[in-house]
Amino acid sequence: MGGFTDILSCASSPRERLMGDILRVLGLSLGRLWLAELAAEIAAFRETLGFSEPTSRKELVDAVMSLAGLGLVTVEERIRATYSGGENDLLVGVVDFDELSNALMDDEAYNRYRSILDGIFGRG
């Protein structure tokens, strides 16, 4: 496994599906999200597509770090603003958003999700 297309097309294990869903959600979010937001967005993405696969924080962090190890995302420990002041979190960003966007053009799950959103928000 290496590039965006390889990750998106590989779904033989829950970990590989999670890695693909991380990339899909980052693609929908213009390439950067806090880890806390990423968890919520993946849950919403999966629920919208009609399947639920619970993911622990540890599984999410492991999958993000694997993507970072492949050079597909960056991970920065930062303080995320909250109503109570701030808390430590990881900021996850795509290394090459244009390349990811191109890979997502042919991704069935991503396109199905976008189609559902377009129907809900009347953009279709």
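Of the 124 residues in this protein, 38% count as buried. The model is a predicted one. Start with the whole fold, then move to two buried residues.

The protein has six helices and three strands. Along the sequence they follow the pattern α-α-β-α-α-β-β-α-α. Contacts also show how the chain is arranged. Take those with a separation of 6 or more: residues 24 or more positions apart account for 56% of them.

Next, the overall dimensions. The C-alpha atoms fill a box of roughly 40 × 35 × 30 Å along the principal axes. A compact globule of 124 residues would have a radius of gyration near 14 Å. The protein has 14 Å, so the value agrees with that expectation.

Now the surface. The accessible area comes to about 7,000 Å². Carbon and sulfur atoms contribute 51% of this area. As for charge, the protein carries 12 positive and 20 negative side chains. The centres of these two sets lie 3 Å apart.

Turn to Arg 80. This residue lies in strand E2, which covers residues 73-80. Arg 80 has a relative accessible area of 16%. The cut-off for buried is under 20%, so Arg 80 counts as buried. Its side chain has polar partners. One polar contact, of 2.6 Å, joins the side chains of Arg 80 and Glu 87. Another, of 2.8 Å, joins the side chain of Arg 80 to that of Asp 89. Both partners, Glu 87 and Asp 89, also appear among the residues that Arg 80 touches beyond four places in sequence. The others in that set are Trp 34, Ala 36 and Gly 86. In this way Arg 80 touches residues at 34 and 36 as well as at 86, 87 and 89.

Asp 107 is the second residue to find. It sits in the loop between helix H5 (97-104) and helix H6 (108-121). Is this loop residue buried or exposed? Asp 107 has a relative accessible area of 8%. That is under the 20% cut-off, so Asp 107 is buried. Its contacts reach other parts of the chain. Leaving aside neighbours within four places in sequence, Asp 107 is in contact with Leu 8 and Arg 24.

Look at the two sites in turn. Arg 80, in strand E2, is buried and makes polar contacts through its side chain with Glu 87 and Asp 89. Asp 107, in the loop between H5 and H6, is buried and is in contact with Leu 8 and Arg 24.

How values were computed: Residues numbered from 1 in each chain as written. Predicted model: local features only at pLDDT ≥ 70, side-chain atom pairs only at ≥ 80, totals over all residues. Heavy atoms only, no water. Helix = DSSP H or I, 4+ residues; strand = E, 2+ residues; numbered from the N terminus. Buried < 20%, exposed > 50% of the residue type's maximum accessible area, 1.4 Å probe, protein only. Polar contact = N/O pair within 3.5 Å; in protein donor to acceptor, adjacent residues only side chain to side chain. Contact = heavy atoms within 4.5 Å. Rg over C-alpha atoms; globule rule 2.2 N^0.38 Å. Areas by Shrake-Rupley, 256 points an atom, 1.4 Å probe, with all protein chains shown as cover. Lys, Arg positive; Asp, Glu negative; His and termini not counted. Charge placed at Lys NZ, Arg CZ, Asp CG, Glu CD.
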